[in-house]
Amino acid sequence: MHHTSSARVASARLADGREILYFDDPATAPRVPVPDARALPARPEPGQVRYDELSGDWVAVAAHRQTRTHLPPADACPLCPTTPSNASEIPDPDYDVVVFENRFPSLGPVAADLPDALPWGTVAAAAGRCEVVSFTPSHTGAFAELPYERARTVVEAWAQRTAALSALPGVRQVFPFENRGADIGVTLHHPHGQIYAYPYITPRAAQLGAAARRFFDAEDGRSTLLGTLLERESAAGERMVIEGGHFSAFVPFAARWPLEVHLVPHRHAADFAALTGAEKDELADLTLRLLKGFDALYGTPTPYIAAWHQAPLDRVLRPASRFHLQLTSPRRAADKLKFLAGSEAAMGAFINDTTPEETAQRVRAAVAGKAAV
Ligand SMILES: [Zn+2]
C-alpha cells in the first residue's frame, strides 16, 4: 500500500483572479484546468487587523464574511465539481484534491509585513492568505473515508502549500486545519479543510513556542520539549494510541478536551514541508486510522478540530518547535458536547470531565477496531 509519491499540481486562476491548484493522485491522467466561465464580482477589500494592547494579541476584523455561504444544498455546493446547473468554485467537471483562495477570507489577499504592534485607534489591512482545501469531489463522506491514495495526495497538498505560503511576504505562521461537524460551526458539509497564513504568530502558537524554547534553552539545544514528552508518553504507555515507525499518537498527560490526541513525528521536523516521502506515507495512513477511530467511538460521527501545528516562521521559536497534529473534540458522551464556558472561555483554564487514561483506552480500542459501545 505504501509508496513514496509526490502528487502533481496544476495551477490556474478563477474568474476574479484567485489562485486554484489541482493536486492529482499518482494514477490520474495529466490535467489541463478548465477555465472559469463565471462572471464574478471583484474580490472584497481586505478586512482589518487591530492590535489589542490589553493582551498583546492581534484581532482580525472581517465583517465582510457575514455574507458567506452557509450550509448550501448539494446542488449549489461551491466545492462540488462544476455541472451545467451548478457553476461551483471548481470549474472542472472532476478533480482529486483542490486548493483555492477563499472568496470570503478573514486574511488577505494582500501579503505584507505587520509591525510588532499598532498604536491604539489605528488599523492595518489584514494581510495573509486563507485557502480552502477540498479533499474529494464527493459531496458526502469525510476525511476518514478517503482512500489511502487520496489522503496521501492531501498530505502532499498540505506540504506544497506550507512551503509556498511560508515564502509569502509577511507570513509568520501557516496553519492547516479541519473543522468537522455542524456542531462546531462548519458552514459547508462537503469534506474540506482550510489553511490560514497569518501575518502574526497566534496566541496559542506563541504560548507553545515559548514553552518549547524555554525547554530547548535549558537543555542547551540537546533535546526538544515535544520530543521529550513523546519519549515520556511512550515509556509510560498508558496513554499511547498508536506507535508507528515515524509518528506516534497519544492522549497527552494533561489533555484539555474530552477527546484529545496528539500525533507527533519521532524526528524533529518543523512542518509538513520538512517531512520525507516515507514520513508523509505513514502520516496519511495514521491520520486515517485516528479519524476512523474517532468515528467508531459512538454511533454517529464525532465532531472534531484537526489542528496541524507547524513551527512559526520566527527565528527564535522555530528551532525549538516541532510539527504535530492536535486532534480534539468537545464530545463527552454520545449526546453531550462540552461548551467552553466561564473558566475555559474567559480564563483559558480547562476543566476536563474525563481522565486522559480512560480516553486513551477507549480511543486505542476504537482505532484497533474494537470499539466498545
Ligand atoms: Zn459538495
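Biologist: Which residues of helix 6 are buried, and what makes a residue count as buried?

Modeller: In this predicted model, Thr359, Ala360, Val363, Arg364, Ala366 and Val367 of helix 6 are buried. The term applies to a residue with 20 or more other C-beta atoms within 10 Å of its own; the six names just given are therefore those of helix 6 that are called buried under this cut-off.

Biologist: Why are these buried residues on the same side of helix 6?

Modeller: Because the arc they cover around the axis is only 160 degrees, they fall on the same side of helix 6.

Biologist: What covers the buried residues of helix 6?

Modeller: The cover includes helix 4 (277–296) together with strand 10, strand 11 and strand 12. Helix 6 (residues 356–367) lies across these three strands, strand 11 being 247–250 and strand 12 being 259–265, and runs at about 40 degrees to strand 10.

Biologist: How do you know that the reach of helix 6 is close to the expected one?

Modeller: Helix 6 has 12 residues, and the expected span is 1.5 Å times one less than that number. This gives an expected 16 Å, and the helix reaches 16 Å from its first C-alpha to its last. Just after helix 6, Gly369 takes a positive phi of about 85 degrees.

Biologist: What is the order of the strands in the open sheet?

Modeller: The sheet has 11 strands, ordered 1-2-5-7-9-8-13-14-12-11-10, with antiparallel pairing.

Biologist: What makes strand 1 and strand 10 edge strands?

Modeller: Strand 1 (8–13) and strand 10 (240–243) each pair on one side only, and they are the edge strands of the sheet. On average, neighbouring strands of this sheet are turned by 15 degrees against each other, direction ignored.

Biologist: How do you know that strand 5 and strand 7 pair?

Modeller: Pairing requires at least two bridges. Strand 5 (residues 97–101) and strand 7 (residues 129–134) are joined by four bridges and run antiparallel, so the two strands pair. Opposite Phe100 stands Val132 in strand 7.

Biologist: Which domains does the chain have, and where do their bounds lie?

Modeller: The domain assignment gives domain 1 (8–200) and domain 2 (204–367). Their C-alpha centres lie 24 Å apart, and the contact takes 27 residues from domain 1 and 28 residues from domain 2.

Biologist: Which elements give two or more residues to the side of domain 1 that touches domain 2?

Modeller: These elements are helix 1 (148–166) and strand 8 (173–180). Helix 1 gives the most to that side of domain 1, with 10 residues.

Key: Residues are numbered from 1 along each chain as its sequence is written. This is a predicted model: local features need pLDDT of at least 70, side-chain atom pairs count only at pLDDT 80 or more; totals for chains, interfaces and linings use all residues. Axes are lines fitted to C-alpha atoms, for helices over the stretch in contact, and angles run from 0 to 180 degrees between N-to-C directions. Two residues are in contact if their C-beta atoms, placed from the backbone, lie within 7 Å. A residue is buried if 20 or more other C-beta atoms lie within 10 Å of its own, exposed if 12 or fewer, and partly exposed in between; C-beta atoms are placed from the backbone. The arc is that of the directions from the helix axis to the C-beta atoms. Domain bounds come from an automatic or database domain assignment.
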